[in-house]
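Please open the model in your viewer and keep the sequence panel beside it, so that each selection below can be followed in turn.

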Amino acid sequence: MRFIVILACLCSVSLAAPSAEATGPALTLGGVGLPERPPTRDPVLAGVHIDVSSSEPAHRAPQVGAAANSALSTLSLPRPVPRFAPPAAHVRTLVGIDTWFWVPAFQWRPIVRFVAAGGVVVTLVATPIALQLRPGDGSPLVSCPGPGSPWLVPGSRSLCSHVFQRASTATASGRYRAAVQAVWTIRWTSSTGLSGVVGPVVVSTPVSLLVAEAQAVLGR
């Protein structure tokens, strides 16, 4: 017995126009009937497809593949809402200090979808696994295994942090064009025994960072 799962992920693709062909029988998502081809889809997942193959008839690979992709089409991954420390209304930080980044806890929860159709049931669970910062200053990507931690105690440390070495004032806009990214994996299982993993899928939020030089003031 063997089966092959082929996965592909493109995170920035154009949406395809829906076909005018018959949509077929309704599928079930959490007890609600849905068309087999939903009219909209999260653009981040528009290029993601689950291709299911198996030599065992009992696995019902075509039905599992159709149900898995229908469940995937109903999924929407939230864009991260980043927080920074030092805090400021326009995300201002300083050269030479740890700049923390994190997302609220409510954004770091698994998302579950399931579809029942054609005598099979597919359950899909999307889970955030890492938070990343593209600093925009030429430094490498910063990645940490979790949502990060809010800054609370002076002198504490966080894996979700970055030290800027140069002020952003030398750039054309005066700011670094950064991005905070949430990395997700999507696991699916079926009632026939087939299963697989999609990902990693990266969801990004652009951020404009103002990084300034601290000015020392000497008094007498």
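Begin by selecting Ser 168, which in this predicted model lies in the loop between E11 and strand E12 (176-190). Colour the residue by accessibility and you will find that Ser 168 is buried, its relative accessible area being 0%. Which residues is Ser 168 in contact with, leaving aside its neighbours within four places in sequence? Show the side chains around Ser 168 and you should find Gly 174, Arg 175 and Tyr 176, together with Leu 209, Leu 210 and Val 211.

From that list, keep Tyr 176 on the screen and add Phe 164, since the rings of these two residues have their centres 5.7 Å apart and their planes at 10°, so the pair is stacked. This is the one aromatic pair that the structure holds. It links distant parts of the chain, with Phe 164 in the loop between E11 and E12 and Tyr 176 in strand E12, 12 residues apart. Are the two rings' residues buried or exposed? Both Phe 164 and Tyr 176 are buried.

Next, select Cys 144 and Cys 160, which form the one disulfide of the structure. Their sulfur atoms are placed 1.7 Å apart in the model, and the link of Cys 144 and Cys 160 is right-handed, with 90° about the S-S bond. Cys 144 lies in strand E10 and Cys 160 in the loop between E10 and E11, so the disulfide ties together parts that are 16 residues apart in sequence. Both ends are enclosed by the burial criterion, because Cys 144 has a relative accessibility of 2% and Cys 160 one of 3%, where buried means under 20%.

Now turn to the charged side chains, where the structure holds two salt bridges. For one of them, select Arg 157 and Asp 98, whose side chains meet at 2.8 Å, N to O. Arg 157 lies in the loop between strand E10 (142-144) and strand E11 (161-163), whereas Asp 98 belongs to strand E7 (residues 98-102), so this pair ties together parts that are 59 residues apart in sequence. Arg 157 is exposed, with a relative accessible area of 68%, while Asp 98, at 22%, counts as partly exposed.

For the other salt bridge, select Arg 79 and Asp 42, and draw the distance between the closest N and O atoms, which are 3.0 Å apart. Arg 79 lies in the loop between helix H1 (61-73) and strand E5 (83-85), and Asp 42 in the loop between strand E3 (32-34) and strand E4 (49-54), so the pair ties together parts that are 37 residues apart in sequence. Here Arg 79 counts as partly exposed at 33% relative accessibility, whereas Asp 42 is buried, with a relative accessible area of 6%.

Finally, select helix H1, which has 13 residues and reaches 18 Å from its first C-alpha to its last, close to the 18 Å expected at 1.5 Å a residue. How many of the 13 residues of H1 are buried? The number is 10, so H1 is largely enclosed by the rest of the structure. To see this in the viewer, highlight the buried residues of H1, among them Ala 61, Val 64, Gly 65, Asn 69, Leu 72 and Ser 73. When comparing their directions, keep in mind that an α-helix has 3.6 residues a turn, so residues three or four places apart point the same way.

Terms used
Residues numbered from 1 in each chain as written. Predicted model: local features only at pLDDT ≥ 70, side-chain atom pairs only at ≥ 80, totals over all residues. Heavy atoms only, no water. Salt bridge = Lys/Arg side-chain N within 4 Å of Asp/Glu carboxyl O. Helix = DSSP H or I, 4+ residues; strand = E, 2+ residues; numbered from the N terminus. Buried < 20%, exposed > 50% of the residue type's maximum accessible area, 1.4 Å probe, protein only. Disulfide = S-S within 2.5 Å. Expected span 1.5 Å × (residues − 1). Contact = heavy atoms within 4.5 Å. Phe/Tyr/Trp six-rings, centres within 6.5 Å; stacked < 30°, edge-to-face > 60°.
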